[in-house]
Amino acid sequence: MSTLLLALVVGLAVTILANVCTTVYLHRALAHHALTLAPPVVFVFRVLTWLTTGIQPQQWVAVHRKHHAFTGKEGDPHPAELVGWKTVQLKNVAMYRREARNEVTVARYAKDINEDAWDRRLFDHSVWGLTLGVVFLVVVFGPVVGLLAAFVHANLYLGGSAAVNAIGHHFGRRRYDNTAGNLHWLAFLTAGEGWHNNHHAVPTSPRLSHRWYEFDLGWLVIRGLRALGLAQLREPALARNQTAPRRAA
Ligand SMILES: [Zn+2]
Ligand SMILES: [Zn+2]
């Protein structure tokens, strides 16, 4: 395999891992309490989230819940409906960081996400996690493939996350009456997050796909964890029947 192809494959694999951490752990479990994960699984997700994204869960949860509270209106951290999807696509990282650093937002929207000694000593230091993640890739695959893979991952992950907030609030099919759209290709790239219209219709569902033909990697991972007794759904019925939203977004 050529160096470039290997770097692409490794970078894509790391992005898939980061997307699973984001959608299953940060989004569905922490932000919406759609499922509960067994403590050892939570710890694995915390380590992997730190290494592949550098995201501090408390901040991510607060920014995301505020997005649900003010979707498309003044107060939404990334209001594609107000500023246009292109602006959000390009500035999503800056928009996220500005809101994540707002202590009032974090205190108000992530009250239930408590920090422990692991966070204070390790996981709150985003740069350490990301650096360690890159070092791991360099040690395993060598400097050229390792650094290229990290570059591929950074672009795919940040581009995909931005697309959910930008493209996912402008394009796509609207099965339910909200401003988000369903995009199959985006769901494929983001472990299920592209079913954004479905998600805004039923935010508490652990499953973002609402039809058998809608691919949702995050949901497959949750089903696997559940089969192993490592995950519990808050409302099991939600996972079985998704044809109608239980409440508005
Ligand atoms: Zn949204
Ligand atoms: Zn959400």
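## A question to start

Does D116 count as buried, exposed or partly exposed, and at what relative accessibility? D116 counts as partly exposed, because its relative accessibility is 27% and the partly exposed class runs between 20% and 50%. Please keep in mind that this is a predicted model. With that said, let's walk through the salt bridges, the two zinc sites and the first helix.

## Salt bridges

The count of salt bridges comes to six. One of them brings D116 together with R46, with N and O 2.8 Å apart. This pair links distant parts of the chain: R46 sits in helix 2 (residues 39-52), D116 sits in the loop between helix 6 (103-109) and helix 7 (117-123), and 70 residues separate them in sequence. Unlike its partly exposed partner, R46 is buried, with a relative accessible area of 14%.

The loop between helix 6 and helix 7 also holds D112, which pairs with R65 of helix 3, so parts that are 47 residues apart in sequence are tied together. The N to O distance in the salt bridge between D112 and R65 is 2.7 Å. Here D112 is partly exposed, at a relative accessible area of 35%, while R65 counts as buried at 16%.

Another salt bridge joins R175 and E214, whose closest N and O atoms are 2.7 Å apart. R175 belongs to the loop between helix 9 and helix 10, E214 to the loop between helix 11 and helix 12 (217-227), and the two are 39 residues apart. R175 counts as partly exposed at 30% relative accessibility, whereas E214 counts as buried at 6%. Salt bridges with shared partners also join R46, D116 and D119 into one network.

## The first zinc site

Which residues coordinate the zinc ion (ligand 1)? The donors are the NE2 atoms of H67, H169, H196 and H200, at 2.0 to 2.1 Å. Along the chain, these donors follow the spacing H-x101-H-x26-H-x3-H. H67 lies in helix 3 (residues 57-69) and H169 in the loop between helix 9 and helix 10 (184-189), so this pair ties together parts that are 102 residues apart in sequence. Both H67 and H169 are buried.

Why is the arrangement around the zinc ion (ligand 1) irregular? The four donor atoms subtend angles of 99 to 146°, and a tetrahedral label would need all angles to lie between 85 and 135 degrees. As a reference point, the ideal angle for four tetrahedral donors is 109.5 degrees.

## The second zinc site

The zinc ion (ligand 2) has the NE2 atoms of H27, H32, H64, H68 and H199 as its donors, at 1.9 to 2.2 Å. Their spacing along the chain is H-x4-H-x31-H-x3-H-x130-H. Within this set, H64 in helix 3 and H199 in helix 11 (residues 196-201) link distant parts of the chain, 135 residues apart. H64 and H199 are both buried.

H27 is a donor that comes from helix 1. Its relative accessibility is 0%, so H27 counts as buried. For a sense of distance, the C-alpha atoms of H27 and K86 are separated by 23 Å, with their positions 59 residues apart along the chain.

## Helix 1 and the nonpolar patch

Helix 1 has more to offer than H27. The helix bends by about 25° at T22, and it is followed by H33, a residue with a positive phi near 50°.

Helix 1 also takes part in a nonpolar patch on the surface, formed by M1, L4, L5, L8, V9, V144 and L148, with about 670 Å² of accessible area together. Two elements give two or more residues to this patch: helix 1 (3-31) and helix 9 (143-165). Helix 1 gives the most, with four residues. L8 is a patch member placed in helix 1, and L8 counts as partly exposed because its relative accessibility is 44%.

Key:
Residues numbered from 1 in each chain as written. Chains lettered and ligands numbered in written order. Predicted model: local features only at pLDDT ≥ 70, side-chain atom pairs only at ≥ 80, totals over all residues. Heavy atoms only, no water. Patch = residues over 30% accessible without salt bridge, like charges linked within 9 Å, V, L, I, M, F, W, Y side chains within 5 Å. Areas by Shrake-Rupley, 256 points an atom, 1.4 Å probe, with all protein chains shown as cover. Salt bridge = Lys/Arg side-chain N within 4 Å of Asp/Glu carboxyl O. Buried < 20%, exposed > 50% of the residue type's maximum accessible area, 1.4 Å probe, protein only. Donors = N, O, S within 2.8 Å, 3.2 Å for Na, K, Ca; no water. Tetrahedral: all angles 85-135°; square planar, octahedral: opposite > 155°, others 65-115°. Bend = angle between axes of the 7 residues up to and from the residue.
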